[in-house]
Amino acid sequence: MFPEQITRASSVLLVASLSVLVLFGFGLRAYRLDAEGLSEDELNKVRAVADYRQRGLTPTNGEHPFLMKALLTVSIVAAESWNRTAVAESRPHLRVSTETAARLPGAFLGALSSVLIFLLASELFGAGAGLLAAALWAFDPAAIGFNRIAKEDSFLVFFFILANYFWLRGQRAAERGDRNPEPFYWAAAAAFGATMASKYVPHFFAITISYYYIFQGAPRTRWRLGKLRWLKFFAIMGAAFVICNPTILLPGTWHEMRVFATENRIGHDAYEFMGQLYRNQATLWLQGSPWYFYFVFMGVKMPTAVVAGFVVGLPLLFRQRLGDGRYFVLFWLFFWFFPFTLLGGKFTRYFTFVLPAVHITAALGILYAGRLLARLLPHRGNSEDIRTYARAALAVVVVAFSAYASVSAAPFYRLYMTALGGGARAAGAYFPHDEFYDAALRDAAREVALLARPGAIVASETPELLNYYARLHGRDDLTSVSLSDREARDTLRAGDLAVVARGRRYFSNDALISDLNVAEPAAVVSHGGVEAARIYVFDDALRARTSDLLAH
């Protein structure tokens, strides 16, 4: 399991260390998973699961692969069984909510990814870098926040790293000639099939292929698959893909994918970033969300010490003394940052895929800084032991700061802000859509249920989500419409309501929201101590003042 340079004694310590990372990492990811309400995207996944259970395999939500939804189905069914037992044994406080059940698979795979990051980085740079990179991932508030939402990115990362670990083990076995590399090739192929069944991003396979082909010009390399092996590789990969994603065989799935690829599924016309609205479509390229979007994210959402380690480590990847493994990380960073910097459509959760590469690079930078620090210590007595402790101390301090950041932000990890970004006072100011991610709509629906008159119309930017939670509060009589739908909002009358949620400001509703925010809301909903939504009840005066904006 471990790279061969690790001794039997040290492997026991590594197993213990990784176990601690997984347990604590999972604890942070699973802590109060239902503290936030479902997002609109997550509700679509929950409804897809309900559709599968009622009708079997269908193309519902077919623009996204099946593997994640299959694991969500298992989790939700298991939660329902658990809940029935809890009620039967008069222990209702042990019930598992739908929010928790939907998010648990991602949290679990996110915690296990620490082990895979260790294994991958150890293959490339040694056990020290691997363990530090795994710790940075385990305690990073950004990684934890991404793993706590029921989206495909956490599954993509898990299987991508697993596939490439097998790929690199196959390289080592082939070069050393001490064992047959083929089992590693076929395991990698199966894992790549699961990767594609997690999220449709085949272009990321270029990372692995590029790393393979840079060695093919070396005359002494034994790491060559040949045509027959490549054919078998892609056959296994395709079979694994279909097994993990059987809905790909349904014609309706291809229709859903086509509609999604043509950007006809984009329901809103903007993304709010640092207080400004930008069009957010991939094909807009540099005319969409700014190119520096993800660089700002790193600066304000990742612990500063980790970012500093990345800045130090990035130039090291261009130094030959680091070894050939640096090429893999360079390809990983390039094939993510280059397109996603230029593409016009951006969401912070897309950063999940490249975050392990950032952590590996940061680990290299931190270890390098530790060695520089050790050189400054005096050369006498047991100075070598002191230097070793100094190098370890720097890594421990960086990990401790990350852990402290996550613990202090729990369970609202996406609201975490570094001091560079303004600290807690600036929470929600940079990426409100992704920071709040509809988390407060559940509480907003509860307020709506209390305020709304019978048969009231409620306007919001997430009508289906608001309707879902309103029904859970016993308000089946409410009609939920989109705040951006001009015809629908023109029907609003005195006694109807509008829900203005942070992160849901668009060109289509900007003027109306600005006008509403001048008025006194009937209720304000907070999330993690930050204002997240305002609820307005129309009276004759408010209706008259906004009448032109409601219709136009």
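These questions and answers cover the packing and backbone of a predicted model.

Reader: Which residues touch the most other members of the largest nonpolar core?
Author: The largest nonpolar core holds 150 residues. Four of its members touch the most others. They are Phe-233, Trp-332, Phe-351 and Val-358.

Reader: Take Val-358. What is it in contact with, leaving aside neighbours within four places in sequence?
Author: Val-358 is among the residues that touch the most other core members. With its neighbours within four places in sequence left aside, its contacts include Phe-351, another of those residues. The full list is Met-298, Met-302, Phe-310, Leu-333, Phe-337 and Phe-351.

Reader: How many residues are in the second, separate core?
Author: Val-481, Ala-488, Ala-519 and Leu-542 are included in this second core. Its residue count is 15.

Reader: Are helix 3 and helix 4 parallel, antiparallel, perpendicular or oblique to each other?
Author: Helix 3 spans residues 67-88 and helix 4 spans residues 98-125. Their axes lie 8 Å apart, at an angle of about 125°. Angles of 65 to 115 degrees count as roughly perpendicular and those over 145 as roughly antiparallel, and this angle falls in neither class. The two helices are therefore oblique.

Reader: Is that crossing of helix 3 and helix 4 left-handed or right-handed, and how many charged residues does the contact have?
Author: Helix 3 passes helix 4 in a right-handed crossing. Leu-71, Leu-72, Ser-75, Ile-76 and Ala-79 of helix 3 meet Ala-101, Ala-102, Leu-104, Pro-105 and Leu-109 of helix 4. By class, the contact has nine nonpolar residues, one polar and, for charged, none.

Reader: Ser-75 is in helix 3. Is Ser-75 buried or exposed?
Author: Ser-75 touches Ala-101, Leu-104 and Pro-105, not counting residues up to four places away in sequence. Its relative accessibility is 13%. Buried means under 20%, so Ser-75 counts as buried.

Reader: Helix 7 packs with helix 8. What is their relative direction, parallel or antiparallel?
Author: Helix 7 covers residues 153-176 and helix 8 covers residues 182-196. Their axes come within 8 Å and cross at roughly 165°. Helix 7 passes helix 8 in a left-handed crossing. An angle over 145 degrees sets the class, so the pair is roughly antiparallel.

Reader: How many residues of the contact of helix 7 with helix 8 are nonpolar?
Author: On the helix 7 side, the contact includes Phe-159, Phe-166 and Arg-169. On the helix 8 side, it includes Phe-184, Tyr-185 and Thr-195. Three residues are polar and one is charged, while the nonpolar count is 16.

Reader: Are helix 7 and helix 9 parallel or antiparallel?
Author: Helix 9 spans residues 205-213. The axes of helix 7 and helix 9 come within 11 Å and cross at roughly 15°. The crossing is right-handed. An angle under 35 degrees sets the class, so the two helices are roughly parallel.

Reader: Which residues of helix 9 meet helix 7?
Author: Helix 7 brings Phe-160, Asn-164, Trp-167, Leu-168 and Gln-171 to this contact. By class, the contact has six nonpolar, three polar and no charged residues. The helix 9 residues are Ile-207, Thr-208, Tyr-211 and Tyr-212.

Reader: Why is helix 12 largely enclosed by the rest of the structure?
Author: Helix 12 runs over residues 293-301. Its buried residues include Phe-293, Tyr-294 and Lys-301. They pack against helix 6, strand 1, helix 13, helix 14, helix 15 and helix 17. Helix 12 is largely enclosed because of its buried count: eight of nine residues.

Reader: Val-329 is in helix 14. What is its relative accessible area?
Author: Val-329 touches Leu-124, Phe-125, Leu-317, Ala-357, Ile-360 and Thr-361, not counting residues up to four places away in sequence. Val-329 is buried, and its relative accessible area is 0%.

Reader: Which residues does the cis peptide bond join?
Author: Most peptide bonds are trans. Here omega is about -5°. Pro-411 lies in the loop between helix 16 and helix 17. The bond joins Ala-410 and Pro-411.

Reader: Ser-90 has a positive phi. Is Ser-90 buried or exposed?
Author: Phi of Ser-90 is near 60°. Ser-90 sits in the loop between helix 3 and helix 4. Its relative accessible area is 61%, so Ser-90 is exposed.

How values were computed:
Residues numbered from 1 in each chain as written. Predicted model: local features only at pLDDT ≥ 70, side-chain atom pairs only at ≥ 80, totals over all residues. Heavy atoms only, no water. Core = buried A, V, L, I, M, F, W, Y, C linked by side-chain atoms within 4.5 Å. Buried < 20%, exposed > 50% of the residue type's maximum accessible area, 1.4 Å probe, protein only. Contact = heavy atoms within 4.5 Å. Axes fitted to C-alpha atoms, helices over the stretch in contact; angles between N-to-C directions. Helix = DSSP H or I, 4+ residues; strand = E, 2+ residues; numbered from the N terminus. Left-handed = near helix turned anticlockwise from the far one by under 90°. Nonpolar A, V, L, I, M, F, W, Y, C, P; charged D, E, K, R; others polar.
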